[in-house]
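Trainee: I should like to work through this structure step by step. May we place it before us and begin?

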Amino acid sequence: MTTKWTIDPAHSEVLFKVKHLMITTITGNFTDYHLDVETEGDDFTKAASIEFSADASSIYTKNEQRDNHLKSAEFFDTERHGAIVFTGRSFEPDGEDYLLHGDLTIKGITKPMTVDVEFGGIVTDPYGQTKAGFTVNGKISRKEFGLTWDAVTEAGSIVVSDEIRISCDIQLIKG
């Protein structure tokens, strides 16, 4: 029996972290995203479909000037490439945790990606809804996805690191 799950945006977050000047970490998130999962029963290792998308123009880093720069052609080019998409191919046990393998598309470039997933379990909330929880962590090279803008300070420090760490807390609603 196929079970459909959708993201509960009120209890989920999609974050990224990047080094700035190689001395501090800046955290940002996307405020508009969707995730639909189809499983066999409640077994996520038998997922038939895992489809995530984020509206790239919903990027938020607590700095409007930086957010506008990230939306520009030098980074996400949101006028031409509105969505960031991850399509899962398999969800496999890895010790006590899981690995989620799939394809990530940013700025029209698709690359394979594997993320670490901690499964928090399945519960019924006080309103009778069945929910599943996950913590997802991974990293990408932004330059592999055409996010190649670079700057160097007068002292020779890199302004933005190539490595982007992804950290998500996801709550799904069975529906």
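Trainee: Which residues lie nearest the centre of the largest pocket?

Mentor: The model is a predicted one. Its largest pocket has a volume of about 990 Å³. The lining comprises 45 residues, and those nearest the centre of the pocket are L15, F16, F30, I164 and I166.

Trainee: How many residues of the lining of the largest pocket are nonpolar, and how many are polar or charged?

Mentor: Each lining residue is assigned to one of three classes, and Gly is counted among the polar ones. On that basis the lining holds three charged residues, five polar residues and 37 nonpolar residues.

Trainee: Which strand gives the most to the largest nonpolar core?

Mentor: The largest nonpolar core has 40 residues, and F76, F134, I170 and L172 have the most contacts inside it. With six residues, the strand that gives the most to this core is β11, residues 160-174.

Trainee: What does I170 touch, leaving aside residues up to four places away in sequence?

Mentor: I170 is one of the residues with the most contacts inside the largest nonpolar core. Beyond four places in sequence, I170 touches I7, S12, E13, V14, L35, A132, G133, F134 and V136.

Trainee: Which residue of β11 stands opposite V136?

Mentor: V136 belongs to strand β10, residues 130-141, where nine of the twelve residues are buried. Eleven bridges join β10 to β11, and the two strands run antiparallel. In β11, the residue opposite V136 is C168.

Trainee: Which residue in the hairpin of β9 and β10 takes a positive phi?

Mentor: Strand β9, residues 109-124, runs antiparallel to β10, and eight bridges join them. Within this pairing V117 stands opposite V136. Five residues lie between the strands of the hairpin, and the one with a positive phi, near 85°, is G128.

Trainee: Which residues make up the covered face of strand β5?

Mentor: In a regular strand, side chains alternate between the two faces of the sheet. Strand β5, residues 49-55, has S49, E51, S53 and D55 on its uncovered face. Its covered face consists of I50, F52 and A54.

Trainee: What are the bridge partners of V37 in β5 and of E51 in β7?

Mentor: Strand β5 pairs with β4, residues 33-40, in the antiparallel sense over six bridges. It also pairs with β7, residues 83-94, in the antiparallel sense over six bridges. The partner of V37 is I50, and the partner of E51 is T87.

Trainee: Why does D77 count as buried?

Mentor: D77 lies in the loop between α1 (64-71) and β7. Beyond four places in sequence, D77 touches L70, K71, S72 and K107. A residue counts as buried when its relative accessible area is under 20%. D77 therefore counts as buried, because its relative accessibility is 9%.

Trainee: How far apart are D77 and D55 in space, C-alpha to C-alpha?

Mentor: Along the sequence, D77 and D55 are 22 residues apart. In space, their C-alpha to C-alpha distance is 12 Å.

Trainee: Does T2 count as buried or exposed?

Mentor: T2 is found in strand β1, residues 2-7. Leaving aside residues up to four places away in sequence, T2 touches E38 and T39. The cut-off for an exposed residue is over 50%. Because T2 has a relative accessibility of 52%, it counts as exposed.

Conventions:
Residues are numbered from 1 along each chain as its sequence is written. This is a predicted model: local features need pLDDT of at least 70, side-chain atom pairs count only at pLDDT 80 or more; totals for chains, interfaces and linings use all residues. Side-chain values use heavy atoms; hydrogens and water are left out. Buried means under 20% relative accessible area, exposed over 50%, partly exposed in between (1.4 Å probe, protein chains only). Helices (H or I, at least four residues) and strands (E, at least two) are DSSP runs, numbered from the N terminus. Two strands pair if DSSP finds at least two bridges between them. On a 1 Å grid over the protein atoms alone, a cavity is a set of points where a 1.4 Å probe fits but cannot get out, and a pocket is an open set with protein on both sides within 12 Å along at least five of seven lines; lining residues have an atom within 4 Å of a point. Grid points are joined across faces, edges and corners, and a volume is the space filled by probe spheres set on the points. A nonpolar core is a set of buried Ala, Val, Leu, Ile, Met, Phe, Trp, Tyr and Cys residues joined through side-chain atoms within 4.5 Å. Contact means heavy atoms within 4.5 Å.
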